[in-house]
Amino acid sequence: MEGECRWGAGPGWGAGPRLTRCPAPLAEQLYRRLPPQETKELRLQPQSSEEAKAFVNAFLKLSMPKKKDQAIQDMLTRKAVVLEHYAKKKNKEKRKKPKGFTAKQRREMRLFEIEPKQQRYAIFLPLHQLWKQYIRDLCHGLRPELQPYIVQAKLLKADLHGAIITVTKSKCPSYVGITGIVLQEFKRVFKIITKEDKLKVVPKFNNVFSFEIDGFISYIYGNKFQLRASERSAKKFKFRGSIDL
């Protein structure tokens, strides 16, 4: 209705409370002092019209702290005002990422050392069986119709923990023929356990390794394989006809 003063939310008024500028006659009724009887019934402290205006202005200023006084008055003279509530920004505490152990600390704690009583070939045979199933799943069953270079590309990026590998060529004759299950793979060495329950540390450099699974034999040239297992999964290997030690 014309000349109506509204306060609240409803259809057409949006989600937040709105205050519209009232015409002068209605504004006088809005700010007029309540009769003493009504004031007593409502248990209100009587206020003058100036105090009421001061209260409204203070309320608007608190409701819209980012607006200046003049901007609030300008908005009241032209259109409805959406009273906004500005929540205080909470300073988020930066979470510190836990630092891992250094190489020196790992050595002191002997995290990668295998106890002598655990250095038995039979203990790790189940690990080898799991590795063979892992390779079959990775290579889709190692079917005869698969192209050898496709299988080789997958094996080069595969995890070798649990594989039975053999040193087929080496510049150091004493390494040739060593066969065992890979227990640990580092950047430059393999740690393998032999059938004689001996833990061998075999360097990758100047050695050629081989392993067999379901009739498929794969060769690893240690000079080109000096990577950690986690790094190999993202490396692109180049296939060459022959590689020298």
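**A patch, two cores and a hairpin**

At a relative accessibility of 47%, Phe-101 counts as partly exposed, a class that lies between buried (under 20% relative accessible area) and exposed (over 50%), with a 1.4 Å probe and protein chains only. The model is a predicted one, in which local features need pLDDT of at least 70 and side-chain atom pairs count only at pLDDT 80 or more, whereas totals for chains, interfaces and linings use all residues. Residues are numbered from 1 along each chain as its sequence is written, and side-chain values use heavy atoms, with hydrogens and water left out.

Phe-101 sits in the loop between β3 (81-82) and α5 (103-109); helices (H or I, at least four residues) and strands (E, at least two) are DSSP runs, numbered from the N terminus.

The interior can be approached through the largest nonpolar core, which has 22 residues and in which Ile-135, Ile-165 and Phe-190 have the most contacts; such a core is a set of buried Ala, Val, Leu, Ile, Met, Phe, Trp, Tyr and Cys residues joined through side-chain atoms within 4.5 Å. At least two residues of this core come from each of α6 (125-138), α7 (148-156), β4 (164-170), β6 (189-193) and β8 (207-213). A second, separate core of five residues includes Tyr-121, Phe-124, Ile-181 and Ile-193. Ile-135, leaving aside its neighbours within four places in sequence, is in contact (heavy atoms within 4.5 Å) with Leu-142, Leu-155, Ala-158 and Ile-213.

Phe-190 also leads into the strand pairing, since its bridge partner in β7 is Val-202. Over five bridges, β6 and β7 (residues 199-203) pair in the antiparallel sense, where pairing requires that DSSP finds at least two bridges between two strands. The two strands form a hairpin with five residues between them, and in the turn Asp-197 has a positive phi of about 60 degrees.

Positive phi values recur in the loops that follow. Asn-206, in the loop between β7 and β8, has a phi near 65 degrees, a positive value in a residue other than glycine, and is buried, with a relative accessible area of 17%. Asp-214, found in the loop between β8 and β9 (216-221), has a positive phi of about 55 degrees although it is not a glycine, and at 43% relative accessibility counts as partly exposed.

Thr-168 belongs to strand β4 and is partly exposed, with a relative accessible area of 31%. Its C-alpha atom is separated by 5.6 Å from that of Phe-209, 41 residues apart along the chain. Not counting residues up to four places away in sequence, Thr-168 touches Val-176, Val-208, Phe-209, Ser-210 and Tyr-219.
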